[in-house]
Amino acid sequence: MIYLDNAATTKMDESLIEVYKSFSCDKFYNASAGYSVALENAKYLAKAKEILLNKLGAKVGDIIFTGCATESNNIALQGSVKEGKWEYIFSKGEHPSVYNIAKMLEEQGKTVHFLDLQKNGEIDYVQLESLINDKTRLVSTMFVSNETGAINDIDKIVKIVKAKNPRTLIHVDGVQGFCKTPINISSLNIDFFSISAHKFHGPKGVGALYVKNKSLLRPIIFGGGQEYNLRSGTENLPGIMAMVTECEKIDVAKNLKHTQELRDVFLNQLDLNKVHFISSGSPYVISLNFPGVNGETLMRALEDKVIIGTGSACSTKKAGNRVLEAMGYSKEYAKQSVRVSFNAYQSVEEVEKAGKIIMETYLDLYERLK
């Protein structure tokens, strides 16, 4: 079986088991305790933050460790909300952990604007500029789309926003881009950046939030005051150390080049006169439309040989595809679409084989269903 739903989750690097075991069974002490062995773990925690800051290219700011990117997004967004007549801007292409916060704020009577998406999946930059004013509190947008692989131009977004209101906070959901697509936080004037370990071969149940200025956040989780009092709760040191061990190993440029080759080889196995490919920015995630066959039908027919997705794993129980529809595609088009996502450790041969199987299965289904 060939796994091509890496945007949902990736297989953990098996070498991390030893790291996880070491900090679970040997160095298992609570990093917040006051005795010497615990203080040593606090040093590991501090070192882990340095590693992530370096990987992000951040010269200023802090790292808050969380249980997942959903939690990171909630801390950044809900922790930024202020009383008063402030306005908030979100794109229509956001992950549910961001989009549903936007809808909640709207229900609470806040002024919330939703940015349209272009046909290529990027946000509408002209519309963004038109919406920024002196009341804009926060703008939140993805770095890389988890549905299509579209890459938003974060530098362009920052320049548009800060030119009209330098006080506006900028949150970037970096989950599908971190350790996959080059980014340098020091060259970007953003305030928050969310990441998740299980998207780049780390363990599940651990993530992080980059914060440029902690004083701009208020806590939404209360307890013992860990993580600068912004995310109370005993830190998951085994998961954290496994996460940073993995991200230190990753050669972003090398992996990106290989994944581009994987995507191209895969697409070469498809008849693109019959299958519609939405040109993506990131080779790690692509969206494909198979006319005449529902995406879920194709996914079920393939799952003994090739695993693909029909979109965000956090939205599989909902009909349609909100993101594709926001890009201007019909509900019918969205229903006939699937997501294919690669990882940099897959071979050209298995991806080539998967492409052939998918095309053959689609043609067989098309003939039987027409």
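For residue classes, Ala, Val, Leu, Ile, Met, Phe, Trp, Tyr, Cys and Pro count as nonpolar, Asp, Glu, Lys and Arg as charged, and the others, Gly among them, as polar. This is a predicted model, where local features need pLDDT of at least 70, side-chain atom pairs count only at pLDDT 80 or more, and totals for chains, interfaces and linings use all residues. Residues are numbered from 1 along each chain as its sequence is written, and side-chain values use heavy atoms, with hydrogens and water left out.

Cavities first. A cavity is a set of points, on a 1 Å grid over the protein atoms alone, where a 1.4 Å probe fits but cannot get out; lining residues have an atom within 4 Å of a point. Points join across faces, edges and corners, and volume is the space filled by probe spheres set on them. The whole structure has three cavities of 30 Å³ or more.

The largest holds about 60 Å³. Its lining includes Ser91, Glu94, Met142 and Val323. That lining splits into four nonpolar, five polar and one charged.

The second largest holds about 50 Å³. Among its lining residues are Lys180, Phe200, His201 and Tyr345. Here the split is six nonpolar, two polar and one charged.

Now a helix pair. Helices are DSSP runs (H or I, at least four residues), numbered from the N terminus. H2 (residues 36-56) packs with H7 (residues 237-249) at about 35°, axes 10 Å apart. Axes are lines fitted to C-alpha atoms over the stretch in contact, and angles run from 0 to 180 degrees between N-to-C directions. Contact means heavy atoms within 4.5 Å. From H2, residues including Tyr44 and Lys55 meet a set in H7 that includes Met241 and Glu248. The contact residues divide into eleven nonpolar, one polar and two charged.

Note on methods:
Helices (H or I, at least four residues) and strands (E, at least two) are DSSP runs, numbered from the N terminus. On a 1 Å grid over the protein atoms alone, a cavity is a set of points where a 1.4 Å probe fits but cannot get out, and a pocket is an open set with protein on both sides within 12 Å along at least five of seven lines; lining residues have an atom within 4 Å of a point.
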